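Hi,

Here is the structure I promised to pass on to you. Have a look at it first, and then read on for my notes on what turned up.

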Amino acid sequence: MRRNPARRAALLDASIEVLAREGSRGLTQRAVDKEAAVPVGTTSNYFGNRDDLLVQTGARIYERLRPSEDQLAAAFAGAHDQEGYAAMLGETLARIAAFGSGSLALLELRLEATRRPRLRELLTERVRADVAENVTQHERAGLPGDATFVRLMFLTMNWLITEQLTLPDVFPAEERDHLVREAVARLIGAPATDR
């Protein structure tokens with residue numbers, strides 16, 4: 001296996017784009033070679049098989065989606081109340097939507113994970129770690145709501161992201177923003193002030 005980290009990252013980024021555009025059935029090593037504009041066979045030099053490519057693509061998506069520690073700290077520092085928390089979630093939604101191909105590819109990987117134990121293990125560990133980190137950050141920042149609130153917001157935001165990426169006209173931007181504010185208000189237990 002080759003070990004050029006920059007080439008490996010470029011191949012994984014190409015894999016993300018293929019997954020988002022063609023779905024998991026379209027993800028072949030040859031398709032990744034073409035997307036990355038590298039000689040045929042390059043991807044097979046870096047990834048021993050399709051499972052390896054899928055698992056490493058999943059890891060790369062999370063690597064690219066994750067904000068920096070400074071961004072995380074700033075986001076939680078500004079989320080000191082209901083309004084700030086809703087704003088933080090709106091910013092999160094915008095950041096994830098900006099890497100739409102990554103989120104679409106992740107949806108494909110989630111479906112693939114139902115048939116691939118190694119991929120399911122990676123995604124399960126990753127999502128559990130994300131939820132645990134969100135709960136910890138939430139509690140550390142002294143934000144309103146408890147661990148169940150954080151888990152419910154995680155689930156709510158995940159489906160809203162899916163909706164925005166797959167059927168964006170269902171909830172226009174203004175309604176989407178209202179729904180985020182309303183979800184925060186209702187899950188905390190205070191009625192929202194608008195609408």
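**Overall picture**

The accessible surface of the protein is about 10,800 Å², and carbon and sulfur atoms hold 53% of that area. Please keep in mind as you read that this is a predicted model. The protein has ten helices and zero strands, so its pattern along the sequence reads α-α-α-α-α-α-α-α-α-α. The C-alpha trace spans about 60 × 35 × 30 Å along its principal axes. Of the 195 residues in the protein, 39% are buried. Among contacts with a separation of 6 or more, 65% join residues that are 24 or more positions apart.

**The nonpolar core**

The largest nonpolar core has 47 residues, and the members that touch the most others are Ile61, Tyr85 and Met153. Two or more residues come from each of helix 1 (5–22), helix 4 (50–65), helix 5 (69–77), helix 6 (82–98), helix 7 (100–113), helix 8, helix 9 (147–166) and helix 10 (173–188). Helix 9 gives the most to this core, with seven residues.

Met153 is a good place to start if you want to look around inside. Beyond its neighbours within four places in sequence, Met153 is in contact with Tyr85, Leu89, Ala183, Val184 and Leu187.

**Helices 9 and 10**

Met153 is also one of the buried residues of helix 9, which include Ala147, Phe149, Val150, Met157, Leu160 and Ile161. That list is not purely nonpolar in name: Thr162, Glu163 and Gln164 are buried in helix 9 too. The partners that the buried residues of helix 9 pack against are helix 6, helix 7, helix 8 and helix 10.

The length of helix 9 fits expectation: its 20 residues should span 28 Å at 1.5 Å a residue, and the end C-alpha atoms are 29 Å apart, which agrees. At the N-terminal end of helix 9, Asp146 acts as a cap, with a side-chain oxygen 3.2 Å from the backbone nitrogen of Thr148.

Helix 10 passes the equivalent check, since its 16 residues reach 23 Å from first C-alpha to last, close to the 22 Å expected at 1.5 Å a residue. Its buried residues are Arg176, His178, Val180, Glu182, Ala183, Val184 and Ala185. Helix 6 and helix 9 are included in what covers them. After helix 10 comes Gly189, which has a positive phi, near 110°.

**Charged pairs**

How many salt bridges does the structure hold? There are 15 salt bridges in the structure. Side chains of opposite charge can pair when their charged atoms come close. These are the ones I would look at:

- Arg116 and Glu112 form a salt bridge in which the closest N and O atoms are 2.5 Å apart. Glu112 counts as buried, at 5% relative accessibility.
- Asp130 and Arg126 meet through their side chains in a salt bridge of 3.2 Å, N to O. The two are four residues apart in helix 8, so about one helical turn separates them. Asp130 is buried, with a relative accessible area of 16%, whereas Arg126 is partly exposed at 26%.
- Arg176 and Asp177 form a salt bridge with their closest N and O atoms 3.3 Å apart. Arg176 counts as buried because its relative accessibility is 19%, under the 20% cut-off. Asp177 is partly exposed, with a relative accessible area of 31%.

Salt bridges also link Arg50, Asp51, Glu112, Arg115 and Arg116 in a network.

**Around Arg118**

Asp51 from that network turns up again beside Arg118. Which residues does Arg118 touch, not counting those up to four places away in sequence? The contacts are with Asp51, Asp52 and Val55. Arg118 and Asp51 are 67 residues apart along the chain, and their C-alpha atoms are separated by 7.8 Å. Arg118 itself is found in helix 8 (residues 117–140), and its relative accessible area of 45% makes it partly exposed.

Happy browsing, and write back with any thoughts.

Best wishes

Terms used:
Residues are numbered from 1 along each chain as its sequence is written. This is a predicted model: local features need pLDDT of at least 70, side-chain atom pairs count only at pLDDT 80 or more; totals for chains, interfaces and linings use all residues. Side-chain values use heavy atoms; hydrogens and water are left out. Buried means under 20% relative accessible area, exposed over 50%, partly exposed in between (1.4 Å probe, protein chains only). Contact means heavy atoms within 4.5 Å. A nonpolar core is a set of buried Ala, Val, Leu, Ile, Met, Phe, Trp, Tyr and Cys residues joined through side-chain atoms within 4.5 Å. A salt bridge is a side-chain nitrogen of Lys or Arg within 4 Å of a carboxyl oxygen of Asp or Glu. A polar contact is a pair of N or O atoms within 3.5 Å; within protein, one must be able to donate a hydrogen and the other to accept it, and residues adjacent in sequence count only if both atoms are side-chain atoms. Accessible areas come from the Shrake-Rupley method with a 1.4 Å probe; for residues, only the protein chains shown count as cover.
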